[in-house]
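Here is a short briefing to read alongside the structure. Take a look at the chains and the strands first, and then we can walk through the contacts together.

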Protein chains: 2
Amino acid sequence: MATIKDVSKLAGVSVATVSRYLNKNGYVSKEAAETIAEVIEKLNYRPNNIARSLAGMKSATIGLMVPDILNPFFPELARSIEDAANGYGYTVMLCNTDNDSVKERKYIDTLLQKQVDGIIISSYTIKPEHLTGLQKQSIPVVLMDNVFSSDSVVSLTVENRRGGELAVQHLLAQGCSKIAHICGPLTITSSRERTAGFEDASRGTDWFTPSLIGYSDFTVKGGYSAMKELLALHPDLDGVFASNDLMAAGAMKALQETGRSIPSDVKVVGFDGIGLEMMNPELSTIAQPISELGKTAMDSLVGLIREESDIVTDQVFPVTLIKKQSTRKN
Amino acid sequence: MATIKDVSKLAGVSVATVSRYLNKNGYVSKEAAETIAEVIEKLNYRPNNIARSLAGMKSATIGLMVPDILNPFFPELARSIEDAANGYGYTVMLCNTDNDSVKERKYIDTLLQKQVDGIIISSYTIKPEHLTGLQKQSIPVVLMDNVFSSDSVVSLTVENRRGGELAVQHLLAQGCSKIAHICGPLTITSSRERTAGFEDASRGTDWFTPSLIGYSDFTVKGGYSAMKELLALHPDLDGVFASNDLMAAGAMKALQETGRSIPSDVKVVGFDGIGLEMMNPELSTIAQPISELGKTAMDSLVGLIREESDIVTDQVFPVTLIKKQSTRKN
DNA sequence: GTGAAAGCGCTAACAC
DNA sequence: GTGTTAGCGCTTTCAC
């Protein structure tokens, strides 16, 4: 494999000139530039990124940690982040932590060793103290779905609570009169918020009772079982808000299996806005602006890396109600 | 951040000794080892992977290229590969090529520059000549779903053709008498094979006619439209084999929308075996051994990296019929 | 058993 | 504008 030295020799210039040419900084005469370009072409030379990183202390690589790659939300997020990263010249190391904080810490360690220039962390389990290693080495961090007040960390969240409220309001507007809720893991902040939003909108109504809340785990199977249990307690419920789309899908299955039709007997709303085109009827949902979140995450990270001064450390994104067949009015 | 030098100084030994200790090669006296261990602990020292790569010419990183991270098949595959990679001490750079051969080549370039130790490529679009860059630098490659005869490339495929046959046979056994097929992109080898399997089993039967084959693109939407078109031509069809699960899901939706019930009116089989638990009824499918594929891919790659001699260059994995509700006998 | 020293390929002063 | 050179943090001969 050709090195910068080979190029410099063949082009009859010093490595410094080639380096300047490569990095487009410092002066390089037009002629020099041209011959260098030719030689690079001829030798099919590609700068060695590893050497570059070692010398320049930057790797042009960022880490992206996600809690569950099997939940379509995260591939969608990853894709938008990857696109943005490529635009900036960064490559992404995608790490699936499997919702396991041991794995999470191991990955943080690994990413540090690989000298990534920054990390985007989407995590259910992370705690501020896990970031101290990163802080100490002042690695820029963008945190999704969690807020830790700190000036070297950017936090991106969505209006989870308002989303929960919106969901209930929509169900009521469509004519529901007894709405159940399938909530996600209570260990997850955004999940708790969505449930809080549900309570905001339903507490005080004449139909609300705490047993209308089922506890689940963000999976299709979990949503399915939770729905079955809720139906046993409240066979007359006519609306369901699930804290994510996967649970909503599981709930729909349970409803259909017990002979209820959607939306005429029961209406269902999910949360996330992932592409679940295969659902029949299609699922209404409180959508997160996934691609905007990804793009902003990357923009912010680059801002931190470049030590720009005008970085917004906490951003809260709006959610939007997407009306589909699952909540169509009878 | 502490370096190997800091450790060596504090431990009163040379960097060479520390290096030997770290890599567990060469002799290190017990006492030396102990003090080094202590110092490492105390300094919270972590070897710099970048420097390691530069000196040792290996990065402990592998690349994984997938054509479509939004198709659940690939996250599942990625997850199993990642697990296996972690077991071997490798980190994975996941690259989504978006089914775009320009992006694909760019990623190959990037991965080369990052000095990955090997690459696992799952691609719809790749051609042998795209691997020449990798060959030249003798980067180990494991190819999934494609076979290029070459001794430095391991190819992993599944019995696509037999899977297509199995699907039809199953539908016939369940009582179908007119089976349509939704095939995937003809540019994809495995897709063509699945369709060939369908033809093997259906050509020569009294019901078969070429217009029972619909052409689509491996997406839910595509499967949906293809199904609608097929229904227009053959309203009396009673079985469908789609070349992947996503299209099968789309087909189910189209069938239900047109008032057909599954499985009593029409039975459906997919291909891949991804977790589509939200489907109602659940989808029967020809399953690929996804996690075994991932694990074997990683095992083979490590074999290539270590230049072991007993590497099987072409492996074909069996597929299995998973019977679910979508093909239940009436 | 251990250490000195020569790189790995590149960047970034600094001198010319 | 361009070249010289000293590292970046580590591995790995090779001598002791």
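Which helices of chain A and chain B each supply at least two residues of the surface near DNA strand C? They are helix 2 (15-23) and helix 4 (49-56) of chain A, together with helix 2 (15-23) and helix 4 (49-56) of chain B. Please keep in mind that this is a predicted model. The points below go through each DNA strand, then the annotated domains, the interface between the chains and a few backbone details.

**DNA strand C**

- DNA strand C is surrounded by 24 residues, and the closest of them are A:Ile4, A:Tyr45, A:Arg52, B:Thr17 and B:Ser29.
- Of the atoms of DNA strand C that come within 4 Å of the protein, 68% belong to sugar and phosphate.
- Two side chains of chain A have an N or O atom beside a phosphate oxygen of this strand: for A:Arg52 the distance is 2.7 Å, and for A:Asn23 it is 3.2 Å.
- A base oxygen of DNA strand C also has a protein partner, a polar backbone atom of B:Leu54 at 3.4 Å.
- By class, the surface near DNA strand C is made of 13 nonpolar, 9 polar and 2 charged residues.

**DNA strand D**

- Around DNA strand D there are 25 residues, with A:Ser14, A:Thr17, A:Ser29, B:Ile4 and B:Tyr45 coming nearest.
- Sugar and phosphate make up 63% of the atoms of DNA strand D that come within 4 Å of the protein.
- On the chain A side, a polar backbone atom of A:Ser14 is 2.7 Å from a phosphate oxygen of DNA strand D, and an N or O atom in the side chain of A:Thr17 is 2.7 Å from a phosphate oxygen of the strand.
- From chain B, the side chain of B:Arg52 places an N or O atom 2.8 Å from a phosphate oxygen of DNA strand D.
- Helix 2 and helix 4 of chain A, along with helix 2 and helix 4 of chain B, each give at least two residues to the surface near DNA strand D.
- Helix 2 of chain A contributes the most to that surface, with 4 residues.
- The residues near DNA strand D divide into 14 nonpolar, 9 polar and 2 charged.

**Annotated domains in chain A**

- An unreviewed UniProt entry lists "domain: HTH lacI-type" at residues 2-56 of chain A. In the model this span is 71% helix and 0% strand, and its end C-alpha atoms lie 20 Å apart.
- UniProt also lists "domain: HTH cro/C1-type" (unreviewed entry) for residues 3-46 of chain A. Here the span is 70% helix and 0% strand, with the end C-alpha atoms 8 Å apart.

**Where chain B meets chain A**

- In the interface, 47 residues of chain B are in contact with 48 residues of chain A.
- About 4,700 Å² is buried between chain B and chain A, and carbon and sulfur atoms give 54% of that area. B:Ile50, B:Gln113 and B:Met278 supply 15% of the area that chain B buries against chain A, more than any other three residues.
- Between chain B and chain A there are 30 residue pairs in polar contact. On chain B, the elements that give two or more residues to the side touching chain A are helix 4, helix 5 (73-88), strand 2 (91-96), helix 6 (101-113), helix 10 (220-233) and helix 11 (245-257). That side of chain B has 20 nonpolar, 14 polar and 13 charged residues.

**Salt bridges**

- Side chains of opposite charge can pair when their charged atoms come close.
- The count over all chains is 27 salt bridges, and 10 are found across the interface of chain B and chain A.
- One salt bridge pairs the side chains of B:Asp83 and A:Lys103, at 3.4 Å from N to O. This pair joins two chains, because B:Asp83 lies in helix 5 of chain B and A:Lys103 in helix 6 (residues 101-113) of chain A.

**Backbone details**

- In chain A, a cis peptide bond joins A:Ile262 and A:Pro263, with omega about 5 degrees. A:Pro263 sits in the loop between helix 11 (245-257) and strand 9 (267-272) of chain A.
- In chain B, the peptide bond from B:Ile262 to B:Pro263 is cis, with omega near 10 degrees. B:Pro263 is placed in the loop between helix 11 and strand 9 (267-272) of chain B.
- A:Lys24 is not a glycine, yet it has a positive phi of about 50 degrees. A:Lys24 is in the loop between helix 2 and helix 3 (30-43) of chain A.

Terms used:
Residues are numbered from 1 along each chain as its sequence is written. Chains are lettered from A and ligands numbered from 1 in the order in which they are written. This is a predicted model: local features need pLDDT of at least 70, side-chain atom pairs count only at pLDDT 80 or more; totals for chains, interfaces and linings use all residues. Side-chain values use heavy atoms; hydrogens and water are left out. A residue is near a molecule or strand if one of its heavy atoms lies within 4 Å of it. A polar contact is a pair of N or O atoms within 3.5 Å; within protein, one must be able to donate a hydrogen and the other to accept it, and residues adjacent in sequence count only if both atoms are side-chain atoms. Ala, Val, Leu, Ile, Met, Phe, Trp, Tyr, Cys and Pro count as nonpolar, Asp, Glu, Lys and Arg as charged, and the others, Gly among them, as polar. UniProt positions are given in the numbering used here, feature names are shortened, and annotations may be inferred rather than shown by experiment. Contact means heavy atoms within 4.5 Å. Buried area is the accessible area (1.4 Å probe) that two parts lose on being put together, summed over both. A salt bridge is a side-chain nitrogen of Lys or Arg within 4 Å of a carboxyl oxygen of Asp or Glu.
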